[in-house]
Amino acid sequence: MEEVLQVGVITTVHGVRGEVKVFPTTDDVNRFKKLKEVILDTGREKITLEIEGVKFFKQMVILKFKGIDTLDDVAKYRQAGLYVTRSNAVKLDRDEYFIADLIGVEVYDEADQLIGVLEDVIATGANDVYTIRMTDGRELLLPAIKQCVLDVDVQGRRMKVHVLEGLL
């Protein structure tokens, strides 16, 4: 399992006081209000930054980091990912999972036959859809609903599903 989870990507600077606009990659943008620090991944290094201020503008989050006070200080971090440790991640309800934990999970049918591997999760609004690369190379789009997803064992990297008629 991933030790850090992505919560956003810096898109651009905001103003001249070192603030940045962040595209959130988390379901709950309000989680930024409670965050004290994030890990900035520049591609070459990972830097822990303390959050000094949080604002919201349309679908974006505007963050101010402690000690980064000018446009020049923050401009170099454009397109960098922001991450949190598992201990700082939101608490999940029953039958909720981090997408990062589901990617790569082996998917089995009710007869315990391997169907394939979960490759992606598509958020559709009503419910997520799991993209499963089947053992024969085809792609299966399976709705993430209780009628289809029977059991998920994140630790064991295994999922049991019921494929509704007409999906294959």
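Two strands pair if DSSP finds at least two bridges between them. With that in hand, let's work through some exercises on this predicted model.

## Exercise 1: The overall plan

Describe the make-up of the protein chain, from its elements to its contacts.

*Solution.*
- Step 1: Begin with the elements, which are 2 helices and 12 strands.
- Step 2: Put them in sequence order, and the pattern reads β-β-β-β-β-α-β-α-β-β-β-β-β-β.
- Step 3: Look at the extent. The C-alpha trace spans about 60 × 30 × 30 Å along its principal axes.
- Step 4: Turn to burial. Of the 168 residues in the chain, 35% are buried.
- Step 5: Finish with contacts. Among those with a separation of 6 or more, 47% are between residues 24 or more positions apart.

## Exercise 2: Two hairpins that share a strand

Work out how β8 pairs with β7 and with β9.

*Solution.*
- Step 1: Find β7 at residues 106-108 and β8 at residues 114-123; 3 bridges join them, and the two strands run antiparallel. Tyr108 stands opposite Leu114 in β8.
- Step 2: Follow the chain from one strand to the other. β7 and β8 form a hairpin with 5 residues between them, and Asp112 in the turn has a positive phi of about 65°.
- Step 3: Move on to β9, at residues 128-134. β8 and β9 are antiparallel too, with 7 bridges, and Ile122 stands opposite Val129 in β9.
- Step 4: Check the second turn. Here the hairpin has 4 residues between its strands, and Gly125 has a positive phi of about 105°.

## Exercise 3: A residue inside β9

Is Thr131 buried or exposed, and which residues does Thr131 touch?

*Solution.*
- Step 1: Locate Thr131 in strand β9.
- Step 2: Compare its accessibility with the cut-off. Buried means under 20% relative accessible area, and Thr131 has 6%, so Thr131 is buried.
- Step 3: List its contacts, leaving out residues up to four places away in sequence. Thr131 touches Val117, Leu118, Glu119, Asp120, Ile122, Glu139, Leu140 and Leu141.

## Exercise 4: The nonpolar cores

Which residues have the most contacts inside the largest nonpolar core, and which elements give two or more residues to this core?

*Solution.*
- Step 1: The largest nonpolar core has 23 residues, and those with the most contacts inside it are Ile10, Val22, Val38, Leu40, Leu63, Phe65 and Leu82.
- Step 2: The elements giving two or more residues to this core are β1, β2 (19-24), β3 (37-41), β4 (46-57), β5 (60-65) and β6.
- Step 3: Take Leu63 as an example. Apart from neighbours within four places in sequence, its contacts are Gly18, Glu19, Val20, Val22, Phe32, Ile51, Gly53, Val54 and Leu82.
- Step 4: Note a second, separate core of 17 residues, which includes Tyr130, Ile132, Met134 and Leu140.

## Exercise 5: The pockets

Describe the lining of the largest pocket and that of the second largest pocket.

*Solution.*
- Step 1: The largest pocket has a volume of about 1,200 Å³. Of its 38 lining residues, Asp27, Tyr97, Phe98, Ile99 and Asp128 are the closest to the centre.
- Step 2: Elements that give two or more residues to this lining are β1 (4-14), β6 (81-85), α2 (99-102), β8, β9 and β11 (149-153).
- Step 3: Sorted by class, the lining has 23 nonpolar, 6 polar and 9 charged residues.
- Step 4: The second largest pocket holds about 170 Å³ of space. Its lining is made of Asp28, Arg31, Lys34, Leu35, Lys36, Asn88, Ala89 and Val90, or 3 nonpolar, 1 polar and 4 charged residues by class.

## Exercise 6: Positive phi in two loops

Where do Lys58 and Asp95 lie, and how accessible are Lys58 and Asp95?

*Solution.*
- Step 1: Recall the background: most residues other than glycine have a negative phi.
- Step 2: Lys58 has a positive phi near 55° and sits in the loop between β4 and β5. Its relative accessible area is 73%, so Lys58 is exposed.
- Step 3: Asp95 has a positive phi near 65° and belongs to the loop between β6 and α2. With 47% relative accessibility, Asp95 counts as partly exposed.

Conventions. Residues are numbered from 1 along each chain as its sequence is written. This is a predicted model: local features need pLDDT of at least 70, side-chain atom pairs count only at pLDDT 80 or more; totals for chains, interfaces and linings use all residues. Side-chain values use heavy atoms; hydrogens and water are left out. On a 1 Å grid over the protein atoms alone, a cavity is a set of points where a 1.4 Å probe fits but cannot get out, and a pocket is an open set with protein on both sides within 12 Å along at least five of seven lines; lining residues have an atom within 4 Å of a point. Grid points are joined across faces, edges and corners, and a volume is the space filled by probe spheres set on the points. Ala, Val, Leu, Ile, Met, Phe, Trp, Tyr, Cys and Pro count as nonpolar, Asp, Glu, Lys and Arg as charged, and the others, Gly among them, as polar. A nonpolar core is a set of buried Ala, Val, Leu, Ile, Met, Phe, Trp, Tyr and Cys residues joined through side-chain atoms within 4.5 Å. Buried means under 20% relative accessible area, exposed over 50%, partly exposed in between (1.4 Å probe, protein chains only). Contact means heavy atoms within 4.5 Å.
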